[in-house]
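User: Could you take a close look at one part of this model for me, the packing of its helices? I'd like a connected walk-through rather than a list.

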Amino acid sequence: MKGAPIMIQNKKIAAVCVAEMQNDDIQSILYPLNEALSEIGWRMIIFDSCTDFFLKNAFDEGEAHLFQLLNHDYIDAVLIMSRTIKNDEIQNQIINRARQNGTPVLLIDSDTRPEGTIQISFDESDAFERLVLHLVEDHHFTRINCIAGIKDNPISEHRVQIFREILADHNIPFDESQLGYGNFYAQPTRKVMETFLQQAELPEAIVCINDSMAITVCDILSENNIAIPEQVTVTGFDGIEQEKCNYPRITTCRRDMDAFARYVGEILEQILQASTHETHYTFPYTFDPSESCGCRQCRMLNINWTMHT
């Protein structure tokens, strides 16, 4: 570990590396993180690019020079929002430069585990299991369809496997005609819903692997004058910001970002103060039963109010 950095106004500094922070879902992490770190004597410096670096073109290469501005004389820790920077080479450049300067690196929600970094991942299994059990044990549904993401995507397939196992454990019949792949997006989800609506009997519930597909399903059911949740229950996963504007609000699993931000602060304090620390931390999703399964009364609300609740 390097010596103490030069402090700015007696505050420890966390450099946050992120891409496309203008997106609502990124804002939903950064704002509470700034609040939580401020409470324990830290300040954030955000290094944000306008591109996610997926295309790996000349524009991306130019944007990547932004991260060379990190001055490790002033930085106590580097936080990388891994899923926003879709280029492992650029992430590794940030990590290697930090390691050369003795600055600890925290990777948030990363698919990889570069040597010398500290991982903070989200544990979704328990929350998604609770969601499916809620439909089976609390609502007593026996006709449940599922819209998965991209076929063979590990995140999607893991959730589908949990879904299958719970139905099997409760002796609820399920065949492949009840499963469709919406590829996480609207248009493929519409094609899946065309098939579901042609089936002899409407499902009692449709479990979507993410909120974006659940919102699309709600739109299609409404277009066909099918009431939610009276005729069909819809669930999602992720707790995205757009869900707050949906009618009805989606039963989903979300990350409590205020609690997560405080958790990150605790980890930062621990790694700076302790000689030894964990290298992998996990934070759970929270199951949130809401209007689309009937556990909260549907209400038309002012959009300004819903965006802040």
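Analyst:
**How the helices pack**

Let's start with a contact between two helices: on the H1 side you have Ser-28, Ile-29, Pro-32, Leu-33, Ala-36 and Leu-37, and they meet Met-257, Asp-258, Ala-261, Arg-262, Val-264, Gly-265 and Leu-268 of H8. Keep in mind that this is a predicted model. H1 covers residues 24-39, and its axis runs 8 Å from that of H8, at an angle of about 50°. That angle makes H1 oblique to H8, and the crossing is right-handed.

Now H8 itself. This helix takes in residues 257-273, 17 of them, and its first and last C-alpha atoms are 24 Å apart, close to the 24 Å expected. At its start, a side-chain oxygen of Asp-256 comes within 3.3 Å of the backbone nitrogen of Asp-258. Among the buried residues of H8 are Met-257, Ala-261, Val-264, Gly-265 and Leu-268, and these five also appear in the contact with H1. Phe-260, Tyr-263, Ile-267, Glu-269 and Ile-271 are buried in H8 too. As background, an α-helix has 3.6 residues a turn, so residues three or four places apart point the same way.

There's a second helix pair to look at. H4 (residues 125-138) and H5 (residues 154-169) pack at about 40°, with 10 Å between their axes. They are therefore oblique to each other, and H4 passes H5 in a right-handed crossing. H4 brings Ser-125, Phe-128, Glu-129, Val-132, Leu-133 and Val-136 to this contact, while H5 brings His-158, Arg-159, Ile-162, Phe-163, Ile-166 and Leu-167.

The length of H4 checks out: its 14 residues should span 20 Å at 1.5 Å a residue, and its end C-alpha atoms are 19 Å apart, which agrees. Its buried residues are Ala-127, Phe-128, Leu-131, Val-132, Leu-133, His-134, Leu-135 and Val-136. Besides H5, they pack against strands S6 (144-148), S8 (205-208), S9 (233-235), S10 (252-254) and S12 (286-288).

Asp-126 also sits in H4, but this residue counts as exposed because its relative accessibility is 53%. Asp-126 and Thr-286 lie 160 residues apart in sequence, yet their C-alpha atoms are 8.6 Å apart in space. One last detail: after H4 comes His-140, which has a positive phi, near 60°.

Technical notes. Residues are numbered from 1 along each chain as its sequence is written. This is a predicted model: local features need pLDDT of at least 70, side-chain atom pairs count only at pLDDT 80 or more; totals for chains, interfaces and linings use all residues. Side-chain values use heavy atoms; hydrogens and water are left out. Helices (H or I, at least four residues) and strands (E, at least two) are DSSP runs, numbered from the N terminus. The expected span of a helix is 1.5 Å times one less than its number of residues. Buried means under 20% relative accessible area, exposed over 50%, partly exposed in between (1.4 Å probe, protein chains only). A polar contact is a pair of N or O atoms within 3.5 Å; within protein, one must be able to donate a hydrogen and the other to accept it, and residues adjacent in sequence count only if both atoms are side-chain atoms. Axes are lines fitted to C-alpha atoms, for helices over the stretch in contact, and angles run from 0 to 180 degrees between N-to-C directions. Angles under 35 degrees count as roughly parallel, over 145 as roughly antiparallel, 65 to 115 as roughly perpendicular and the rest as oblique. A crossing is left-handed if the near helix is turned anticlockwise from the far one by less than a right angle, and right-handed if clockwise. Contact means heavy atoms within 4.5 Å.
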